[in-house]
Amino acid sequence: MIELNFSNMMTEVLGEKGISERQIEALRDRVDKAHHEIVQKRWAELAFMDLVRQDTGEIRKTAEWVRKNAEDFLIFGIGGSALGPRSILEALSPFHNLKRRPRVFIYDNVDPRTLSAILSLVDVKKSIANVITKSGSTAETMASFMVIWDELSRAMGNDAGGRVIATTDPEKGNLRTIARDKGFRTLSIPPGVVGRYSVLSPVGLLLAEVIGIDAKEMLRGAADINDRCSEPEIWKNPAYLFGTLLYLMDKEEKRNISVMIPYADGLKYLSEWFSQLWAESLGKLGMGMTPYPSLGTVDQHSQLQLWMEGPEDKVFIFMRVLDFGADIRIPEVFKDMEGIGYLGGHLLSELIKAEEESTELALTKNKRPNMTIHVPSLDAYHIGQLFQFFEIATAFTGFLYGVNPFNQPGVEEGKNFTYGMMGKKGFDQRREEVEKAREKKVCYRL
Ligand code: PA5
C-alpha cells in the first residue's frame, strides 16, 4: 500500500513554518462537509470512484484483438484522454517501442511535424487507431483523427472502419455518431467520468492491456486505496490529509506552488498527469495552487537552488520508490580517485534513495515544507493506487476550496476564439474580435 509521510509539513519539525494539529482540527467541519459530498455522491462526476468495480471483459477482448492485428497502436487524445495513457505507458513499460509490439504512439497535440513523423514511421494498414475523446468534439483530437481516418480510408477503402477504436461517451457526441456510421469498435467512458478523472476507465485501461498490463490489478490497487480514503476521520485518511495540508499551506502560509518530485523516471509522466488534475480542478474563482512537475535527481541540478533559497512559496511532494525491480552495482573502478572512488560498490538504487532523502532533509533544514509518498514498487497495483489516491485527494481539496473540481469554464474563451478563426458556425463574432485585436494600435515589438 502507498503511504504518506507528512511529518515535514508539521510544526513539530518546521516550527512556525509548519502546520499545527490545531490548524487541521480547526478545519474539521469543512473536512466533514467535503467527506459527505464524496460519500453521498452529491456530484455525478464522482462516478470515477465506481470505476474500481467495472467489468474489464470488453477491454481485455479489444486489447487482445489489437495485439493480434496491429504492429502499431496509435492513440489520439488530449488532456485527460492522453496524459493518463502516457503515464501508464511510461511507468509500466518503459522503452516500450524498442522492446515490444505493438509499438505505441500517443499523439496529443496538433503539431504537424510530430504527426508527419508518426505517419512516416508506421504503415497505417498494419496500425490500429484509438481515438479517445469524452466529448467527441475536441478540436485537436478530431483534427488529428480526421487526418488518420483519411489515410486509412485511402489505404483500405471500406475496410478502414475496422481499424479504429473509438473511446467516447456511450451515447452522445460527434465521435459516437461517426463510430456508429462507420462501424468502429467502441469502448464507453461512463457518463459521469470527466477527462482528467478517466484514466482508470477504458481511456487508460485499453492501453494497459495492449501493452500487457493487467487492468484488473490496477483496479484492485485503486479499490484498496478507495477503502482507505473513505475513512471519515481525517487523521486516518491519507487523501484528506494530503489535500488539507496543501490547502492550509496555500491559504494560511501563502505557499501556492506544489512541486511534485518523483525519484523514478517511470513516474515523470504521472506527475504531469497530476499537474493537469490539480491545476484544472482547483484553479477557479481566483484560487488554486500551481503544480510543477519535476523529477529527481535531475532537478537537483536545475531547480534545487531556487527551492532552497528562493521565494518561500512552494510545498514539495516527494515520491520515493522502495523497490525498483532492477538494480545495478556501481563497479569498483577508479578506486584510488578520492573524488569518485567512494561510489564504487554501492547500488544505483542506494544512490537515488540517498539523494532523495538528502534533498528532503536539506529542504527540511531550511524550513521548506515537504511530504513524501512511499511507493512500494512500480507495478499495476501501486500505479492504480496512485491514480485513485490523487483523484480522491483532488476532488476533496476542490470541496475544501468550495469550487467545482470537475469543470473547466476558464478554457472555453480561448476555444471559442479558435472556433471563430477556424470558421466554426456560430462563432463569427469571435472571429471579428480576433481581427480587431490584431489591429490594435498598441504594439511593442522588436
Ligand atoms: O479534464 C477534462 O475534462 C479535460 O481536460 C479533457 O480531458 C480535455 O479537454 C479533453 O476532452 P475530451 O476527452 O472531451 O476530448
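Mentor: Let's start with a rule: a polar contact is a pair of N or O atoms within 3.5 Å. Keep in mind that this is a predicted model.

Trainee: Okay, what makes the pair between Gly80 and the ligand a polar contact?

Mentor: A backbone N or O atom of Gly80 is 2.9 Å from a ligand oxygen atom. The cut-off is 3.5 Å, so the pair counts as a polar contact.

Trainee: And how do you know that Arg196 makes a polar contact with the ligand?

Mentor: Here the N or O atom belongs to the side chain of Arg196, and a ligand oxygen atom is 2.8 Å away. That is within 3.5 Å, so this pair counts too. Lys134 joins in with a backbone N or O atom, 2.9 Å from an oxygen atom of the ligand. As for cover, the protein hides 88% of the 380 Å² of accessible area that the ligand has on its own.

Trainee: Which residues are the closest ones around the ligand?

Mentor: Thr133, Ser135, Thr138, Gln276 and Glu280 are the closest, out of 13 residues that surround the ligand. Helices α5 (80-92) and α13 (268-282) each bring at least two residues to that shell.

Trainee: What makes nine of the shell residues polar and three charged?

Mentor: It's a matter of residue type: Asp, Glu, Lys and Arg count as charged, so Glu280, one of the closest, falls in that class. Thr133 isn't on the charged or the nonpolar list, so Thr133 counts as polar. The full split is one nonpolar, nine polar and three charged.

Trainee: Where does the ligand sit among the pockets?

Mentor: The ligand takes up the space of the largest pocket, which has a volume of about 1,100 Å³. Its lining has 37 residues, with Ser135, Thr138, Ala139, Glu140 and Lys415 nearest the centre. Helix α8 (139-156) gives the most to that lining, with six residues.

Trainee: Why is the other kind of space called a cavity and not a pocket?

Mentor: In a cavity a 1.4 Å probe fits but cannot get out, whereas a pocket is open, so the two get different names. The search turns up one cavity of 30 Å³ or more, and the largest cavity has a volume of about 40 Å³.

Trainee: What makes its lining six parts nonpolar?

Mentor: The lining consists of Ile2, Glu3, Leu4, Ile225, Arg228, Pro238, Ile373 and Phe389. Ile, Leu, Pro and Phe count as nonpolar, while Glu and Arg count as charged. Therefore the lining divides into six nonpolar, no polar and two charged residues.

Key. Residues are numbered from 1 along each chain as its sequence is written. This is a predicted model: local features need pLDDT of at least 70, side-chain atom pairs count only at pLDDT 80 or more; totals for chains, interfaces and linings use all residues. Side-chain values use heavy atoms; hydrogens and water are left out. A residue is near a molecule or strand if one of its heavy atoms lies within 4 Å of it. A polar contact is a pair of N or O atoms within 3.5 Å; within protein, one must be able to donate a hydrogen and the other to accept it, and residues adjacent in sequence count only if both atoms are side-chain atoms. Accessible areas come from the Shrake-Rupley method with a 1.4 Å probe; for residues, only the protein chains shown count as cover. On a 1 Å grid over the protein atoms alone, a cavity is a set of points where a 1.4 Å probe fits but cannot get out, and a pocket is an open set with protein on both sides within 12 Å along at least five of seven lines; lining residues have an atom within 4 Å of a point. A molecule sits in a cavity or pocket if more than half of its atoms lie within 2 Å of its grid points. Helices (H or I, at least four residues) and strands (E, at least two) are DSSP runs, numbered from the N terminus. Grid points are joined across faces, edges and corners, and a volume is the space filled by probe spheres set on the points.
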